[in-house]
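Work through the exercises below with the structure open beside you. Try each task before you read its solution.

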Amino acid sequence: MNISNDSATTTPVLFVTDPVNITSAVAVGLVIVLTIFGNAIVCASFYTFRDLRTICNYFIISLAISDILVAILGMPFWLVLQLTDLSNKTVIQGDLYLFWQCMDIFFGTASIMNLAAVSADRHVAITAPYSYPHVMTSRRALLILCFAWIYAVVVSSLRLLDKNWIRTGGYQYMVFIASFALPLLFMIAMYARIYVVARRQARRIGRNRNYTTDVKAAKTIAVVIGAFVFCWAPFFVSVIGYINNKNFYPLDVHKCAKWLEYVNSCLNPILYTCLNKTYRRAFKRLFTRWRGRLERTREESLTTIGTLSRRLTLPRGSIFATHGDTFSSSSSKELSNGELRRKLSRKSSVKRKTEDPPVTFI
């Protein structure tokens, strides 16, 4: 028997479904769900409660939006690549792969720039508390946010230039400096200045309530930035190390560094809940309101079902019939009255037949 070479060839395997890759994909999927849910709650609280609509929270909402976009347009591609073990480039390739890289850099840079903008806002609020309402107006806050997003667009768009710039590592160095090093140095300078001024002003004016709130907010954002450094630094170190040495790290280390980068997007709302009293109170009020609406909806549905079960004539065995009451009292009375009328009419017809004389023909 002759066997052709075509039948002997095997089709390439698209996905590598070993336990490590499946676990990694499940972890990324969990991060996607938590990121969307947590940041959506932040946006819903900002929209629902007027006391959260402050200038500082403008930047936090912008940060939450960038994190949601990372979860929608960045993480799903990485989840698929996890299942290919980063070895099969036919699943995501060409323009689709380029789109994912640009969106990943775009929203990651936007998130970092929003953190830098928050640090600048807190710096003005604490170093110049009396002139803050005049310095940081809504219009200026929106201009800062526009600059942050345009900056991210420019950084990600440079990915579309000459491919040789990518191969030689020039673009990677530029992203490291523009999206990580410079914003990090700026935030460190802002929070160092905040710490010095806060200590000096605290001794001078005592424990003013509003000023203490600003200091606590600055501490919260500082913890967020610390989490950002913890999550993003391994990724940038691995990228720069890979440019200089192709064997700089194992594949599993790169997967963990990329996963940590995405984890930062779901940490921000958790940090707000744990460290910021205003957001904790807003989240509790929001959940209480949603729970009340669900309970009212459930009561209204039960009331509607009870009304329909009383008005309708239900057959025996219906799901709405309880304790064997298959008919309402009014319908049963009408039915019994109808049976009595029919019985009386039958008796009267029988009597008429017996009383009438027989008919004779002459």
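**Exercise 1. Describe how helices H3 and H4 pack, and say which classes of residue meet there.**

Solution.
Step 1. Locate the helices in this predicted model. H3 covers residues 55–73, and H4 covers residues 75–83.
Step 2. Read the geometry. The two helices pack at an angle of about 35°. Their axes lie 4 Å apart.
Step 3. List the partners. H3 brings Val 70, Ala 71, Ile 72 and Leu 73. H4 brings Met 75, Pro 76 and Phe 77.
Step 4. Sort them by class. The contact has 7 nonpolar residues, no polar ones and no charged ones.

**Exercise 2. Find what lines the largest pocket.**

Solution.
Step 1. Start with the space. The largest pocket holds about 1600 Å³.
Step 2. Look at the wall. It is formed by 43 residues. Nearest the pocket's centre are Tyr 97, Trp 100, Gln 101, Arg 159 and Gln 172.
Step 3. Trace the elements. H4, H5 (94–127), H8 (163–167), H9 (170–205), H10 (209–244) and H11 (251–275) each give two or more residues to this lining. H5 gives the largest share, 11 residues.
Step 4. Sort by class. The lining has 23 nonpolar, 10 polar and 10 charged residues.

**Exercise 3. Describe the largest cavity and its lining.**

Solution.
Step 1. Count first. The structure holds 1 cavity of 30 Å³ or more. The largest cavity contains about 60 Å³ of space.
Step 2. Name some of the lining. Among the lining residues are Asp 67, Val 70, Asp 104, Trp 232 and Glu 261.
Step 3. Link two sites. Val 70 lines this cavity, and Val 70 also takes part in the contact of H3 with H4.
Step 4. Find the elements. H3, H5 and H11 each give two or more residues to the cavity lining.
Step 5. Sort by class. The lining divides into 4 nonpolar, 4 polar and 3 charged residues.

**Exercise 4. Which residues have the most contacts inside the largest nonpolar core, and which helix gives the most to this core?**

Solution.
Step 1. Take the total. The largest nonpolar core has 52 residues.
Step 2. Pick out the residues with the most contacts inside it. They are Val 42, Phe 59, Phe 228 and Trp 232.
Step 3. Assign the helices. H2 (19–48), H3, H5, H7 (138–157), H9, H10, H11 and H12 (277–311) each supply at least two residues. H9 gives the most, with 10 residues.
Step 4. Check for another core. A second, separate core has 20 residues, including Trp 78, Leu 81, Met 103 and Cys 266.
Step 5. Connect back. Trp 232 belongs to the largest core, and Trp 232 also lines the largest cavity.

Definitions and conventions:
Residues numbered from 1 in each chain as written. Predicted model: local features only at pLDDT ≥ 70, side-chain atom pairs only at ≥ 80, totals over all residues. Heavy atoms only, no water. Axes fitted to C-alpha atoms, helices over the stretch in contact; angles between N-to-C directions. Contact = heavy atoms within 4.5 Å. Nonpolar A, V, L, I, M, F, W, Y, C, P; charged D, E, K, R; others polar. 1 Å grid on protein atoms, 1.4 Å probe; cavity = no way out; pocket = protein on both sides within 12 Å on 5 of 7 lines; lining within 4 Å. Points joined across faces, edges and corners; volume = space filled by probe spheres on them. Core = buried A, V, L, I, M, F, W, Y, C linked by side-chain atoms within 4.5 Å. Buried < 20%, exposed > 50% of the residue type's maximum accessible area, 1.4 Å probe, protein only.
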